[in-house]
Amino acid sequence: MAEDSDAEKTEPASPKRLEQAREEGDVPRSREVATFTVLMAAGAGLWMTGDGLVGQLHSALVSGLTLNQEQIFDADILLNRITVDVVRVMLACLPLGIAVMLVALASPLLVGGWLFSGKAIAPNFNKLNPANGLGNMFSSNSLVELFKAVAKALVVGLVAWLVVMKQKDAVIGLAVEPLKLGTVHLLNMLGSSFLFIVGALGLIAAIDGPYQMWHYANKLKMTRQELIQESKESDGNPQIKAKIRQLQREMAKRRMMADVPTADVVVTNPTHYAVALKYSDGMRGAPKVVAKGTDEVAARIREIARENKVTMLEAPALARALHKHTEIGDEIPEALYSAVAEVLAYVFQLRLFSKGGGNRPDIPKTLDVPPELDPLNPASQKKKPDLNNGAPA
């Protein structure tokens, strides 16, 4: 069952798969939407510019058919007249042509967007394979195209029949109208009929556009195995990356443990937390954290500290606050200066006593640790910690 699930294309296409398809010229396209928009633009253009266009064409036609004897027998004059008339006709049709061209260029933006791909126009001899052609003839996509063709024929035929029947009396009445008025009336009827019939294609286009988007997304779906393989190719094997991260953590841990013998003091919880601090005479800045950890790591820090005779001090609240609000290599927060200074004073006095000087110092019992810095103190949940102790950062 698991193998069947992995083999089924149930996952949406990844961004890489979509980009690869675009590079190959494979994007969703709806011929129905493009046809509808172009025909609608042409019909609307004829409707709005029809009177002026007919007038200019009529003028060009009259001018072209009005010739005197000299013009008929002079080939140069006749050629010039034809050239002028052709240019007049082209200029008359130019606004409509430009409008239709702009709509044709903009129509791909509705479904799929613009795409320029060299791979799409490269020769592909697989398309000449008869077996592939027969397979495409009996595919589900061919059945959909057949259904669309039948639907277009029925819808357009029905609308055309309704429009003709509605204007039947007006068409018969054209026979008794003056030529100029009848021509304008006929053009208006043709324009309105054209728009109604083309408008019927809007129903097909409204269905075909979303269908093509769905069909494209469904065609590019991937199996889970394909997604895993793509992830490995793009980002590397997750197992290898996890192993690398583990090795990096181990190396960082070893470096941290190597710095424990150089610390001045290890502040403990006493069992769950351990933070090693270092501060030397003449050292610029505040004391720094050279190692920290919890549970097993904390136990290892304490063991190394004992082996190297590093002073350890039980200060649970301070240990928790240092572990929570510092990283290895960071200076201690300003809000903990007072508490850490008291700890270091005890450490330096203890060293002096060990060398035979002075009295043995008392172990600090009460350290000034702001409650909001202790993660186990309820105050830390209610108030945001002020690590600068009220001073500007």
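1. Helices here are DSSP runs of H or I with at least four residues. On that basis, residues 146-165 of this predicted model are 100% helix and 0% strand, with 28 Å between the end C-alpha atoms.

2. The span 146-165 is one of those that UniProt lists under "transmembrane region", in an unreviewed entry; the others are 89-116 and 186-207. Residues 186-207 are likewise 100% helix and 0% strand, and their end C-alpha atoms lie 33 Å apart.

3. A nonpolar patch of about 870 Å² is present on the surface. Its members are Val 87, Leu 91, Leu 94, Ile 98, Met 101, Leu 102, Leu 105, Leu 109 and Trp 114. Among them, Ile 98 belongs to helix α5, which covers residues 75-106. Ile 98 has a relative accessible area of 37% and is therefore classed as partly exposed, since that class lies between the 20% limit for buried and the 50% limit for exposed.

4. Is Thr 37 buried or exposed? The residue sits in helix α3, residues 31-65. Its relative accessibility is 16%, so Thr 37 counts as buried; the cut-off is under 20%.

5. What does the side chain of Thr 37 reach at 2.9 Å? The partner is the backbone oxygen of Ala 34. Leaving aside residues up to four places away in sequence, Thr 37 touches Val 103, Ser 107 and Leu 110.

Methods:
Residues are numbered from 1 along each chain as its sequence is written. This is a predicted model: local features need pLDDT of at least 70, side-chain atom pairs count only at pLDDT 80 or more; totals for chains, interfaces and linings use all residues. Side-chain values use heavy atoms; hydrogens and water are left out. UniProt positions are given in the numbering used here, feature names are shortened, and annotations may be inferred rather than shown by experiment. Helices (H or I, at least four residues) and strands (E, at least two) are DSSP runs, numbered from the N terminus. Patches are made of residues with over 30% relative accessible area and no salt bridge: like charges are joined within 9 Å, nonpolar side chains (Val, Leu, Ile, Met, Phe, Trp, Tyr) within 5 Å. Accessible areas come from the Shrake-Rupley method with a 1.4 Å probe; for residues, only the protein chains shown count as cover. A salt bridge is a side-chain nitrogen of Lys or Arg within 4 Å of a carboxyl oxygen of Asp or Glu. Buried means under 20% relative accessible area, exposed over 50%, partly exposed in between (1.4 Å probe, protein chains only). A polar contact is a pair of N or O atoms within 3.5 Å; within protein, one must be able to donate a hydrogen and the other to accept it, and residues adjacent in sequence count only if both atoms are side-chain atoms. Contact means heavy atoms within 4.5 Å.
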